[in-house]
Amino acid sequence: MAFDGITIAAVTYELNQKLAGGRITKITQPETDELLLSVRSREGSFRLLLSASASLPLAYLTDSKKPAPMTAPNFCMLLRKHISGGRILSVTQPSLERILRFEIEHLDEMGDLCRKYLIVEIMGKHSNLIFCTDTDQIIDSIKHVSAQMSSVREVLPGRNYFIPDTQEKADPLQLTEQAFTALIGQKAARLSKALYTSLTGLSPVAAEEICARASLESDRTASSFSPEELIHLYRTFVRFLEPVRSGAFTPAVYYDGNAPAEFSCLPLTIYSHCRKEDFSSASRMLERYYAEKNTLTRIRQKSTDLRRIVQTVLERNVKKYDLQAKQLKDTEKREKYRVYGELINTYGYGVEPGSKSFEALNYYTGETVAIPLDPQIPVQENAKKYFDKYGKLKRTFEAVTKLLEETGAEIEHLRSVQTALDIALQEEDLVQIKEELMESGYIRKRNPGSKRPRITSRPFHYISADGYHMYVGKNNLQNDELTFQTARGNDWWFHAKGAPGSHVIVQTNGDELPDRTFEEAARLAAYYSGNRGADKVEIDYVEKKHVKKPNGSKPGFVVYYTNYSMMIDSDISGIQQL
């Protein structure tokens with residue numbers, strides 16, 4: 001879910017529980033648009049991260065400590081002057097806006113008790129941190145916004161602070177049934193969009209969830225619903241927001257496999273197919289979600305060069321394969337030329353010299369065929385000419401068939417590397433993939449004297465509901481290691497049929513596996529394959545002793561001649577990862 005008003009309500013509730021009455025002991029500004037406040041309260045010592053980043057505005061408690069610049073920026077020095085040692089009286093959220101308002105009590109230069117407000121606006125590229133007096137006059141802000149930059153509101157020292165009502169959204173916590181049905185019922189947009197564009201603090205995900213709970217089509221035009229349906233929607237909407245009013249938040253991150261798909265402080269039934277991990281606080285949830293998202297983003301960025309190399313070589317091989325396939329198709333006439341030559345040798349003695357063709361009985365098929373002849377040469381020379389054509393096409397067929405197999409194996413290998421890049425979750429995984437590309441000649445090998453990087457990437461490790469250990473290779477080198485070094489003869493081997501993907505090994509310990517373990521291993525093979533996300537994936541599985549690796553074959557390539565198969569989905573949300 002986006003960092004919407006509901007998430008901020010959960011953060012506000014948590015901050016009030018932990019920081020209200022606490023004193024600000026330290027203020028730093030690690031980034032140009034970020035503050036880190038250290039607060040000591042009755043609940044303990046905390047670090048509060050406040051970010052007005054245009055790309056990722058945030059507000060939550062964190063255990064991380066960021067290094068501060070040697071010289072504090074002006075905004076940081078101003079806050080130190082006014083509120084260092086100050087006491088946080090409360091943290092509030094106006095309506096369900098994406099705004100946090102810290103009321104801070106401190107002593108002024110004369111020793112008198114006074115109050116200030118630190119306002120955090122989490123509004124995408126318009127995010128800001130604004131420091132105000134108790135009469136809402138702006139003292140300063142981490143970003144200055146002049147009239148030339150915004151015609152809606154200036155954010156400059158001396159100006160009055162106010163929340164711009166640019167979108168004219170209604171307060172969802174104050175909306176009556178009559179006002180709700182009138183507001184939503186007049187919208188020409190689809191229902192979910194009508195909700196999040198009409199009500200403060202709702203994200204598209206929250207709007208979709210409300211529609212799903214009400215069992216109403218989210219993509220239907222809002223104005224097309226009957227009054228009774230809109231009343232039902234309103235009551236569902238009120239029940240959805242009840243935890244916001246009572247503070248009964250349930251922070252959780254929803255995982256699609258190993259990747260975080262969404263977070264929410266309220267239950268999301270639309271993500272019931274995902275693995276759910278609960279957290280004790282909104283801050284813990286946000287810190288985990290964004291840390292893992294940043295890791296995946298960083299891995300994507302770091303793998304860009306490898307992806308480009310693989311994609312370039314793959315496209316080149318696909319073009320080569322198409323040309324070779326066309327060449328192979330051109331050799332299909334070779335047998336016809338051989339038969340023509342044989343028939344000329346058999347029946348050609350009676351053909352008149354200078355004939356342009358003659359008919360003969362094809363003793364292979366019992367049909368009469370017309371054989372074209374070159375009248376400029378003797379009949380028997382025509383036979384030799386056809387045999388020469390046959391020989392040339394036969395040699396081409398044999399050579400191109402071998403080349404086509406090699407190119408096909410190259411394409412299959414490159415696609416498996418692409419799948420491994422999609423699976424990679426850590427930088428260590430990329431190191432091993434790069435090693436494979438070097439060994440395969442796609443990347444120039446390092447100098448003989450240079451130190452080879454230490455390989456620390458290891459296969460994924462899962463445990464089935466029945467207690468059996470299951471291992472998943474992250475790349476082709478790990479696939480080979482798992483299948484031919486880790487696995488024993490009676491362990492079971494799984495792989496998606498006809499698709500690039502991981503080898504999955506289930507250690508049997510000499511037992512006969514229950515059906516549930518077979519299904520869980522098959523789901524892992526489906527998920528870690530090029531067919532991830534398909535409704536049904538065909539999985540081959542066989543005892544490891546029947547899996548062989550041909551000499552000289554590419555990493556990860558194996559053959560097997562007897563196996564079982566099953567159709568399975570790629571949902572691994574219920575499988576425990578170790």
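**Exercise 1.** Describe the second largest pocket of this predicted model by its volume, its lining and the elements that supply the lining.

*Solution.* Begin with the volume, which for the second largest pocket is about 630 Å³. Next, turn to the lining, which is made up of 30 residues, with Glu-412, His-413, Gly-556, Phe-557 and Val-558 lying nearest the centre of the pocket. Two or more lining residues are given by helix H10 (379-423) and by strand S17 (492-496), and the largest share, 11 residues, comes from H10. Finally, sort the lining by class, which yields 10 nonpolar, 11 polar and nine charged residues.

**Exercise 2.** Place strand S17 in its sheet, and find which strands stand at the edges.

*Solution.* Write down the order of the seven strands in this open sheet, S20-S19-S17-S18-S16-S15-S21, and note that the pairing is antiparallel. Strand S20 (564-568) and strand S21 (576-577) each have a single partner strand, so these two stand at the edges with one side left without a neighbour in the sheet. Then look at S17 and strand S19 (residues 537-543), which run antiparallel and are joined by five bridges; Ala-496, for example, has Ile-539 in S19 as its bridge partner.

**Exercise 3.** Work out how helix H3 (residues 177-185) packs with helix H6 (residues 227-246).

*Solution.* Start from the axes, which lie 9 Å apart at an angle of about 115°, with H3 passing H6 in a right-handed crossing. Then list the residues that meet, among them Phe-180 and Ile-184 in H3, and Leu-230 and Phe-237 in H6. By class, this contact holds seven nonpolar, two polar and two charged residues.

How values were computed:
Residues are numbered from 1 along each chain as its sequence is written. This is a predicted model: local features need pLDDT of at least 70, side-chain atom pairs count only at pLDDT 80 or more; totals for chains, interfaces and linings use all residues. Side-chain values use heavy atoms; hydrogens and water are left out. On a 1 Å grid over the protein atoms alone, a cavity is a set of points where a 1.4 Å probe fits but cannot get out, and a pocket is an open set with protein on both sides within 12 Å along at least five of seven lines; lining residues have an atom within 4 Å of a point. Grid points are joined across faces, edges and corners, and a volume is the space filled by probe spheres set on the points. Helices (H or I, at least four residues) and strands (E, at least two) are DSSP runs, numbered from the N terminus. Ala, Val, Leu, Ile, Met, Phe, Trp, Tyr, Cys and Pro count as nonpolar, Asp, Glu, Lys and Arg as charged, and the others, Gly among them, as polar. Two strands pair if DSSP finds at least two bridges between them. Axes are lines fitted to C-alpha atoms, for helices over the stretch in contact, and angles run from 0 to 180 degrees between N-to-C directions. A crossing is left-handed if the near helix is turned anticlockwise from the far one by less than a right angle, and right-handed if clockwise. Contact means heavy atoms within 4.5 Å.
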